[in-house]
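Open the model in your viewer and keep the selection panel at hand. The stops below go from one selection to the next.

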Amino acid sequence: MCEDILKDLETDLEEYNEIFLVSGTEEFQDKIVDSLFETRNKKHDKILVLASLEKKPVEKTAVVYRQIGEEAANYLCGLYYMYEFSNRFHLISKMNICGSLFCLEDTGVIKFEEVKAIWTR
Amino acid sequence: MEVQYYKEMRDRFHELNQSGILKQKKIFLFGHCNATEELAKLLEENEYAAAAILDNNTAKHGKIYQGIPVVPPSAVLSEAADSVIVCIVTRFYEAMHAQLRSLGFTGEIRKLVDYNTYAEYSLSEETIKRKWKRIERGKNSVDGLERKYPFHFRIFCPFSALGDVYFCMSYLPYFLRRRGKKDYIVCVPGNACAKVVSLFDDCPVEIMPQKELDAAIQAELYLQDENAFIAHQDRPYVVNISKALYLQKIPLEKIYCCGVFGLPEETKPIAPKRWKEYGDLDRIDKHHAVIFSPYAKSVTALPEAVWEEIVSDYSEQGYQVFTNVTGDEEPLKGTISISPDICEMRSVVERAGTFIGIRSGMCDVIRTADCRKVALYPDYHYCDTQWKSIDIYAIDGFENIVVKEDFVWKRS
């Protein structure tokens with residue numbers, strides 16, 4: 001199973017310019033995935049969004065959404081925490097163990113629109 | 001640049017030098033930062049000259065640093081690949097290496113300092129196994145901490161910088177209260193950082209070698225341990241809080257308060273209270289002396305001429321002039337060396353009446369002292385943002401002065 005996930009990841013890193021793994025509550029995933037569709041669809045880059053949420057693909061966008069199982073999501077999160085294996089793989093998640101852009105958003109320092117803009121850079 | 005990394009850079013440079021490769025190639029550096037400047041100096045001392053510094057920050061393009069132009073990374077492509085070597089001494093080796101390769105650069109790229117064992121752009125079985133072993137090593141350290149301090153919440157300050165530890169401790173009590181944590185330990189990478197912790201609280205402090213600390217943090221991240229918190233604002237320890245600086249100017253203190261600890265913006269930082277009096281205060285003329293603090297670990301050094309100008313101005317006015325030094329640091333020309341402990345610094349600067357320092361963590365340490373305080377800022381951009389160091393680090397209660405090329409010291 002892990003070997004398959006790794007193989008897929010290697011293939012995806014070759015095929016896509018950037019990969020976003022979204023992890024968190026269903027509501028959080030829904031909000032973030034939608035925002036990635038909105039913000040990334042004007043770019044020419046090929047973007048892959050991974051999350052465990054069931055989601056209908058949005059047409060007219062360069063963003064590809066793929067639903068993954070919980071086991072794959074956990075494995076990829078673990079790998080991300082273990083080391084930086086690529087600068088094109090991003091985890092979007094609220095974390096308890098350290099601060100994040102979402103802390104800046106929660107405290108009103110930046111707006112969600114700005115958080116989204118950071119992902120588009 | 002920390003001493004251990006400087007030594008590593010120097011050793012690797014000498015290996016390269018002995019191999020003869022530097023004599024045959026045009027040398028490019030990547031990433032305009034303090035470490036790169038140190039490398040540029042080292043090259044110059046050994047009679048080499050860097051052709052250019054590659055940098056992604058468009059605001060820096062066209063600038064000249066000690067005769068070396070700062071240019072976009074793609075500029076390296078204008079040279080024949082086999083006639084060029086790119087030397088990298090920043091923490092972002094992997095990303096820079098990947099960028100150069102994606103640009104189509106096929107020439108030699110060398111890493112001269114390996115301070116980011118966190119990043120390695122490979123998914124090979126061997127790499128994953130090695131990183132997994134690192135997690136296991138880190139887990140062993142964490143288990144050791146747990147045995148030594150059972151039921152203590154663990155705070156990790158991964159960066160060897162007094163200012164970062166100062167900010168952490170300024171807001172930590174509020175954070176711990178929110179989380180309902182009472183007993184805690186703070187893990188830091190050096191003795192000076194531990195002393196900053198002790199200015200605020202008598203909690204246990206664990207001093208860990210940097211690589212062991214990094215491995216422990218990596219293990220805590222991997223395990224998403226609920227009994228640990230990583231009090232830092234930049235990669236690889238957190239998910240890019242500092243990227244917010246691409247859009248907004250946010251002072252570092254606010255990043256700690258709101259971005260790291262998630263506290264409301266109006267939260268008042270706790271001031272350090274556990275000061276001691278310097279044992280030799282009588283040697284300092286009361287309110288007629290200046291304490292200079294010209295050294296910083298991770299900030300570009302200011303030209304000696306700047307310090308000489310300020311020292312000579314105060315000497316002419318009859319002030320006693322001291323340089324705060326540690327280890328093998330030399331006092332500024334014409335000044336007396338003084339080496340108070342961190343917890344004694346406040347008494348020293350208050351006695352002297354004036355403190356003038358490069359903007360380093362020492363400025364944070366004495367920020368609540370009652371005296372004239374001047375912070376000097378090298379004129380550089382904060383990381384690859386559009387903001388200058390003064391935008392991010394300016395301190396209330398200080399005279400914050402940027403030292404540009406045409407700098408002239410103005411007597412107050």
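The tour starts at the contact between two chains and then turns to a sheet.

This is a predicted model, in which local features need pLDDT of at least 70 and side-chain atom pairs count only at pLDDT 80 or more, while totals for chains, interfaces and linings use all residues. Residues are numbered from 1 along each chain as its sequence is written, and chains are lettered from A and ligands numbered from 1 in the order in which they are written.

**Stop 1: chains A and B.** Select the contact, which takes 30 residues from chain A and 44 residues from chain B (contact: C-beta atoms, placed from the backbone, within 7 Å). On the chain A side, select helix 1 (2-15), helix 3 (70-82), helix 4 (101-106) and helix 5 (112-120), the elements that give two or more residues. Helices are DSSP runs of H or I with at least four residues and strands are runs of E with at least two, numbered from the N terminus. Helix 4 of chain A gives the most, with four residues.

**Stop 2: the sheet in chain B.** Select strands 9, 8, 7 and 10 of chain B, which form an open sheet in the order 9-8-7-10 with parallel pairing; strands pair if DSSP finds at least two bridges between them. Strand 9 (205-207) and strand 10 (228-230) of chain B are the edge strands.

**Stop 3: strands 7 and 8.** Strand 7 (residues 153-156) and strand 8 (residues 184-188) of chain B run parallel and are joined by four bridges. Select B:Phe156: its bridge partner in strand 8 of chain B is B:Cys187.

Conventions:
Contact = placed C-beta atoms within 7 Å.
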